[in-house]
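Here are my notes for when you open the model. They run in numbered points, starting with a cavity and moving on to some helices and loops.

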Amino acid sequence: MVEQEEIQDDEKLFCQQVDTSPLMIWMAGCNALYYYLNSNWLKFTGGCLTTGEFASGRGDEIDNIWTCSVHPEDRQRCDNIYIKAFTAHDSFQRQYRLRRADGEYRWILDTAAPRFAADGSFVGYIGYCVDITEVTIVGSQPMLTESCSASTNFSHCLSKITEKTQAQLQAETAKRQEMEAQLHQKTSEFAAILQVLPDLYFRLDADGTILDYKPGLRENLYIQTGDCQGKSLRECLPTAVGDRFHQAITQVLETQYEVSFEYTLSLSEENGNFEVRLLPLPDQQIIVLVRDISDNIQATLIKGDTKFRSIVENANNIIFALTLEGIFSYVSPNWTEIFGHEVAEVEGKSFALFVHPEDIHICADYFQRILTTGEKQDAIEYRVKHKNGNWRWHTSNSSVIRDTNGNVLNFVGICHDTTERKQAEEAVQALAQREALINRLSSQIRASLDLNHILETAVQEIRNLFQIDRCAFFWYRQDADVPYWERVYEAKSCFLPCLLNDEGTNAEIGLIAAKTLNGEIIRIDDAETVADGNARQFMQDFGFTAFMSLPVHTQSGEIGAFSCGSCSGFRPWLDNEVELLQAVTVQLAIAIDQAKLYTQSRIVAQTAQDKAQQLEAALLELQQTQAQLIQTEKMSSLGQLVAGVAHEINNPVNFIYGNISHASEYIKDLLHLVELYQQNYCPQTPEIHEQIYAIDLDFIRDDLPKILDSMNMGAERIRQIVLSLRNFSRLDEDGAKPVDIHEGIDSTLLLLQHRLKAKSGCPEIQVIRDYGNLPSIVCHAGQMNQVFMNLLANAIDVLEESFVISHLSLVNNTEQRTNDQAQMTFPQIRIRTFIQEDRVIISIADNGLGMTEEVRKRLFDPFFTTKAVGKGTGMGLSISYQIVVKKHGGQIQCISAPGKGAEFVIMIPLKQEPST
């Protein structure tokens, strides 16, 4: 009984050690039931065991927890793998989904090994689980793609756990008479595990006294192995570190949960960084594991861990190592099975020799990112060449291996074949393309009855989808005197001649004609196999090496045919391609019938509508013509009057302007003569002196040139006004000629200058000219000036009205017109000109009251006006619209909203033919 209790106590201590492992550990007995799950396994799944009895004594409860945590779809497969291995006592691996504590299922790689007693009898299994969810999963079978770094850590832990477990397994199933020997063996093995464990190991009591001690791989200069036992841990460590240990010990004893922290020690050569984990034991004892995290020993573990090598060599995926130059330094043996090359043919060679040329840069960039960032990257896909010449798709994850100083030594990675998935994706994509074609044609038929557009689209889409050289659609014109076949639409390769204008008779395309009229499908995969002479001649005439044709028969009696041809050798027509074309022909037959019915139903209604539209158009044209005649006559009379007045004023102004310069020279000469007289005839006679004083000769000499300059400026001003009047009327220019648009706008503004000045109740209207660099524009200059006059006059009217309303608002203490800074705004007209693509844009904008959408829509209607009676006829904007749109082929539009002002935009073509 005493021996049994000692074994059970030792088993408890062993399980405490296992709980420190970062892996999820499980054990099963010779009855195939799970009887032990370590704390990491329970923590991961959120499982909870009833307290009281030790975990190994609750087999039914633990077996039930495992079953409930595995995904229902994976349980049977896992059981089959387990039972198969259990029968032969073999090691095994299985992958399944395990429910995590938060309810999410994670993919798990479960590796197990059989356990045997000292006498060789089988006593069950021990296994460890690794979360591999982050690895790319293909199909229904997940692949192991853990990084090499993680795998080395798992391998290291597996080495420790395997040795620990072996001792526990030998003691667990031993016969009663061998209990004492097994206990001794188990204790020895546990001690051996402690010896190979890289961590520094302590077992402490509640006071922090060292009960047991085992040094790690790195010597601790603060603790001497021989005399530490029985001492307090705080005595062996620096004060700060010892205090931190004391706090952690107190916390573990109070909570009975694991506590971990990190600390740094100043050693002889450098600082050492350590990670500490404290775990509770029965009887108020504590296990302390101290791990040196200063050095990275991954490379050593990769070379020395035979267990990891065993896993690599038996994995379904390829494990590889690359030098920084891209040379394979290692590939797992299954490379030969997957790619056909012997390992010796690969190792020592560059990876670029095996990767598809188009994918080399993908791999190179991937390794460069890993080397630069040092972080894990998303998996990449690339093609690898099999020894038989085929290309296989593979997905790969890689990471770097570093030395103890953090320098990168090489790359390691794992890859798995995804060719079947790629092929499945391409098949699904092809099916989706075919379905999309049917859907597009169906949508076009529903959305439009333009049969020609549908046929053209169908021909092009079918050729692109099938990747053939020529696709065409034929109509059988049976109503002609001599029925014939007409090729109406064709899509072809660029090297083939166009056959759209050819009309083939039945004799020329007898192969299509005869069978299409009978509703038969033609399907020829290889022209060399055609026995019929006419058919072979047809294929040779058109250069086809493979051909397919499907008939189209409508209910209205129309007959057509789709033909598909390949000129590049043998081309098998697949059944799904034939089915697709049949679906297309059905849709087209429906479209043809719908189009005919629609056409017939629209004829009568269209005829009546056309007559009504003709009457309405005639009435509107008559009204517009009337208005234009009146306005044209008014503008013609006004233009003649303006031109006449300008002519009459121009003659005397030219007379004055032309003589002022001569008069100025004469006066200068006379004044100079007077000055000579004064200099040479001194003293002056009393009469002359008296006259000089009376007329103030010095003032005359100074003011007379100024008078002449003022007369000159006045004559120049009158001359400019006359030129503006002549430029505005343009009676001397008939037809469209190149003109300066800016000159016309400036002339119009000059004529409206008196309205722009400040007056009672309205401040001065500011005009901002924002002219672009415009060339001479071909247009009807006089008519365009009329447009500018109408728009600018309307803008002035609106601004005057706006500020009358603003003045009344100020008097009545109502809302005033202000800008975003709450400042009163001033009336403003902004004129912009610029070139946009092939059009000249002229924008005339004001900051008036704006207008509603209803008013804006009717602006260009004849006789529509918002002005008071007697102030407007409603024809100005209508005439302007006719001039811009009808005369110049341009556009005019208004952009406005209440309170936002209005902007009229004129767009006329940059290039027009001038009138001769």
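1. Strand 15 gives the largest share of the lining of the second largest cavity, namely three residues. Along with strand 15 (380-385), strand 13 (318-323), helix 10 (334-339) and helix 12 (360-373) each supply at least two lining residues. Helices (H or I, at least four residues) and strands (E, at least two) are DSSP runs, numbered from the N terminus. Before you go further, note that this is a predicted model: local features need pLDDT of at least 70, side-chain atom pairs count only at pLDDT 80 or more, and totals for chains, interfaces and linings use all residues. Residues are numbered from 1 along each chain as its sequence is written, and side-chain values use heavy atoms, with hydrogens and water left out.

2. How many cavities of 30 Å³ or more does a search of the whole structure find? It finds five, and the second largest has a volume of about 140 Å³. A cavity here is a set of points, on a 1 Å grid over the protein atoms alone, where a 1.4 Å probe fits but cannot get out; lining residues have an atom within 4 Å of a point. Grid points are joined across faces, edges and corners, and the volume is the space filled by probe spheres set on the points.

3. Now for what surrounds that second largest cavity. Its lining has 15 residues, and F320, F328, F351, V355 and Y382 are the ones nearest the centre. By type, the lining splits into 14 nonpolar residues, one polar and no charged. In this count Ala, Val, Leu, Ile, Met, Phe, Trp, Tyr, Cys and Pro are nonpolar, Asp, Glu, Lys and Arg are charged, and the others, Gly among them, are polar.

4. Just past strand 15, have a look at H386, in the loop between strand 15 and strand 16 (391-402). H386 is buried, at 19% relative accessible area (buried means under 20%, exposed over 50%, partly exposed in between, with a 1.4 Å probe and protein chains only). A polar atom of the H386 side chain lies 3.4 Å from the backbone oxygen of I338, and a polar atom of that side chain is 3.5 Å from the backbone oxygen of F339.

5. Helix 4 (residues 72-88) passes a length check: at 1.5 Å a residue its 17 residues should span 24 Å, and the end C-alpha atoms are 26 Å apart, which agrees. The expected span is 1.5 Å times one less than the number of residues. Which residues of helix 4 are buried? They are D74, C78, Y82, A85 and F86. They cover an arc of only 100 degrees around the axis, so they sit on the same side of helix 4; the arc is that of the directions from the helix axis to the C-beta atoms. E73, Q76, K84 and T87 are exposed on the other side.

6. Two residues are worth a check for backbone angles. H89 follows helix 4 and has a positive phi of about 55 degrees although it is not a glycine. H89 is in the loop leading to strand 3 (92-99) and is partly exposed, at 31%. D283, also not a glycine, has a positive phi of about 60 degrees. D283 sits in the loop between strand 11 (271-281) and strand 12 (285-292) and is exposed, at 71% relative accessibility.

Technical notes: 1 Å grid on protein atoms, 1.4 Å probe; cavity = no way out; pocket = protein on both sides within 12 Å on 5 of 7 lines; lining within 4 Å. Polar contact = N/O pair within 3.5 Å; in protein donor to acceptor, adjacent residues only side chain to side chain.
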